[in-house]
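Me: Pick one part of this structure and give me a close look at it, then show me what lies around that part. I'm new to this one, so keep it plain.

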Amino acid sequence: MAYDATTLPDVSGLTVGIIGGTGDQGRGLAYRFARAGRTVLIGSRSAERAAQAAAEIAALPGMPAGVDVTGADNDEVARRSDVVIIAVPWDGHAATVGALAEPLAGKIVVDCVNPLGFDKQGPYALQVAEGSAVQQAAALLPDSRVCAAFNHVSAPLLADPEVDRIDLDVLICTEDRELVNVVAALAARIPGMRGIYAGRLRNAHQIEAFTANLIAINKRYKAHAGIRVTDL
């Protein structure tokens, strides 16, 4: 079955929450979804920091009239959002996600965290007891609909108002086939992006780990590399 964006569901009414929305990746995703007309909630441990980040994002160029970007603490964002993106640092992943199990029950949770370490030789993939960051999230959130996506999207590209298109594919891993189309539809709101099913959660480890390779590519070629799947 060929990729066909016209068959994707309407996600215009969904509120997108970003847990870790004050970090580079979280802010970049928030900007792109708000620029595409989505209602966006910025989450942080500090409601004040979240509100400041939301105000800064809402003031960026390219925003549509009446854009709705607000900030709150993580718990409130989890409760008020339909789709919640986890974009926190790996070292705080388990604690942050585990603390939100109750407000995230029944919600779509998209984990874009990459467990990486860094030494003198550069970045490398870390071993995760559950297999991957998203599998850890799924174990901590038994009542949520969990997937991995947006792992390979360059934060500088997301945050750059002069970049109109981001031509790459978002690889989606999940046990929930219906969820694939919802997340793909969100990805398609960003010009140039496609959401592509890439297997079950057990396949997410190599996707998360591949970010180390992309960092090496970006360093060598001074680029913002992404992934594009051919023949779709």
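Reply: Right after helix α1, G37 takes a positive phi, about 95°. Here helices (H or I, at least four residues) and strands (E, at least two) are DSSP runs, numbered from the N terminus. Bear in mind that this is a predicted model, where local features need pLDDT of at least 70 and side-chain atom pairs count only at pLDDT 80 or more, while totals for chains, interfaces and linings use all residues. Residues are numbered from 1 along each chain as its sequence is written, and side-chain values use heavy atoms, with hydrogens and water left out.

Now α1 itself. This helix covers residues 24-35, 12 residues in total, and its first and last C-alpha atoms are 16 Å apart. That is close to the expected 16 Å, where the expectation is 1.5 Å times one less than the number of residues. Of those 12 residues, 10 are buried, so α1 is largely enclosed by the rest of the structure. (Buried means under 20% relative accessible area, exposed over 50%, and partly exposed in between, with a 1.4 Å probe and protein chains only.) The buried set runs through Q25, G26, G28, L29, A30, Y31, R32, F33, A34 and R35.

Two of those names come back when you look at P161, in the loop between α6 and β9. Setting aside neighbours within four places in sequence, P161 is in contact (heavy atoms within 4.5 Å) with Y31, R35 and P61. P161 is partly exposed, with a relative accessible area of 26%. As for distance, 33 Å separates the C-alpha atoms of P161 and Q135, which sit 26 residues apart along the chain.

α1 also helps to line the largest pocket, along with β2, α4 (93-99), β6, α6 (155-159) and α8, each giving at least two residues. (On a 1 Å grid over the protein atoms alone, a pocket is an open set of points with protein on both sides within 12 Å along at least five of seven lines; a cavity is a set where a 1.4 Å probe fits but cannot get out; lining residues have an atom within 4 Å of a point.) This pocket holds about 900 Å³ of space. Its lining has 37 residues, and the closest to the centre are D24, Q25, A87, V88 and P89. The largest share, four residues, comes from α8.

So what about α8? It spans residues 204-221, and at 1.5 Å a residue its 18 residues should cover 26 Å; the end C-alpha atoms are 26 Å apart, which agrees. Its buried residues are A204, I207, E208, A209, T211, A212, L214 and N218. They pack against β6 (116-119), β7 (122-125), α5 (133-140), β8 and β9. Like the glycine after α1, K222 following α8 has a positive phi, here near 50°.

I207 turns up again in the lining of the largest cavity, together with A149, F150, N151, H152, D169, V170 and L171. About 30 Å³ of space lies in there, and β9 gives the most to this lining, with three residues.

Then there is the sheet. Eight strands make an open one in the order β3-β2-β1-β4-β5-β8-β9-β10, with mixed pairing (two strands pair if DSSP finds at least two bridges between them). β3 (69-73) and β10 (193-197) are at the edges with a single partner each, so one side of each is left without a neighbour in the sheet. From one strand to the next the twist averages 25°. Helix α7 (residues 177-188) packs on this sheet, touching β1 (15-19), β4 (83-86), β5 (108-111), β8 (145-148), β9 (168-174) and β10, and its direction makes about 165° with that of β10. (Axes are lines fitted to C-alpha atoms, for helices over the stretch in contact, and angles run from 0 to 180 degrees between N-to-C directions.)

On one side of the order, β2 (residues 39-44) and β3 pair in the parallel sense over five bridges, with V40 opposite V69. β4 pairs in the parallel sense with β1 over four bridges and with β5 over four bridges. I18 stands opposite I85, while V83 has I108 as its bridge partner in β5. V83 and I85 point one way from β4, V84 and I86 the other, and all are buried.

Finally, edge strand β10 holds G195, which is buried at a relative accessible area of 6%. Leaving aside neighbours within four places in sequence, G195 is in contact with Y3, V170, I172, A184 and A187.

How values were computed
Grid points are joined across faces, edges and corners, and a volume is the space filled by probe spheres set on the points.
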